[in-house]
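Here are a few exercises to work through with the model open on your screen. Try each one before you read its solution.

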Amino acid sequence: MKSFVNHFNGISITLKELFKGNFLLYFIPGVVITLIYWFFKSKTQVLEDSIDISTGYSWIDWATSWVDTGISQAFSLIGFIFEQIYIFVIITVLSPFNTSLGEKFDSKLTGNKFDTNVIRFINDFLRMIFIVIIAVVLEITFIIMYWFLSWMFGLDALDPFMYHIIAAFFFGFSFYDFSLERYEQGVGSSMYYAFEKPLTMILTGTIFLLMFKIPLVGIPLAPVLTIMISTVVYLFDQKKLANDNNLKKIENE
């Protein structure tokens, strides 16, 4: 129940800050990359649609249908890879911006100050890459393990639910690492925190995934909103914010 309450407070405080016009500049990098992504995606789609090897002769079209299918699959693969690179860019390459957002939001809520310099900028970036690699490897491992159990015991009906739970957990893990790094917790401590609080990870990851699926605007919005929400949840969870007093203070600002 505590995790649900903390997430409700996280969503409430985040939206109030945004409606006041605070932290809106942090959406700009994601919006720019999204526009670039959709531009190249539209060009790829136009190129794919322009390729037509049909001749009007049924026997030739039958003979070349497998080529057409192969071309379609190739473009689908290219689109998939490009999308994964785009997601990687949003979550990883923009991590310094997201780190800055977490620090400034934390400072506004708690009054804590965090030192920022070039060395820390580089360390934050490298750490985020490492965390993403860990999250991806563990996620794939857990999915394979579940898939094997599902195949063995006929749990197919649970597959969509379980795949979502696994993905949400590791996305949550990635986002809470921003807060844990800010308070000088190592990667091992970050992993321990995640596995100690699975419901918190899953709820935060679910929020991210739901926003991420919103057409066009979901991808640039989801990381920024999730970092802000997870920052509030972490602060409440670690008792760095006292629920009643801090909520009233934030509401009155």
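**Exercise 1.** Work out whether Ile36 is buried, partly exposed or exposed.

*Solution.* Start with the cut-offs: buried means under 20% relative accessible area, exposed means over 50%, and partly exposed is in between (1.4 Å probe, protein chains only). Ile36 has a relative accessible area of 44%, so it's partly exposed. Next, place it: Ile36 belongs to helix α2, residues 28–50. Helices here are DSSP runs of H or I with at least four residues, strands are runs of E with at least two, and both are numbered from the N terminus.

A word on the ground rules: this is a predicted model, where local features need pLDDT of at least 70 and side-chain atom pairs count only at pLDDT 80 or more, while totals for chains, interfaces and linings use all residues. Residues are numbered from 1 along each chain as its sequence is written, and side-chain values use heavy atoms, leaving out hydrogens and water.

**Exercise 2.** Do the same for Glu181, then list what it touches.

*Solution.* Glu181 comes in at 14% relative accessibility, so it counts as buried. Its home is helix α6, residues 159–182. For its partners, take contact as heavy atoms within 4.5 Å. Skipping neighbours within four places in sequence, Glu181 contacts Arg120, Asp124 and Arg127.

**Exercise 3.** Find how the rings of Phe208 and Phe212 are arranged.

*Solution.* First, the rule: rings of Phe, Tyr and Trp (its six-membered ring) pair if their centres lie within 6.5 Å; planes under 30 degrees apart are stacked, over 60 edge-to-face, and the rest tilted. The whole structure has 17 aromatic pairs. In one of them, Phe208 and Phe212 sit 5.4 Å centre to centre with 40° between the planes, a tilted pair. Both are in helix α8 (residues 198–212), four residues apart, or about one turn of the helix. Both Phe208 and Phe212 are buried.

**Exercise 4.** Name the members of the aromatic cluster that includes Phe114, and say which charges sit over Phe114 and Tyr183.

*Solution.* The cluster is Phe114, Tyr176, Tyr183, Tyr193 and Tyr234. A charge sits over a ring if NZ of Lys or CZ of Arg is within 6 Å of the ring centre and within 35 degrees of the ring normal. Over Phe114 you'll find the charged end of Arg182, 5.8 Å from the ring centre. Tyr183 has Lys240 over its face, 4.3 Å from the ring centre.

**Exercise 5.** Count the helices and strands.

*Solution.* The protein chain has 10 helices and zero strands. Buried residues make up 41% of its 253 residues.
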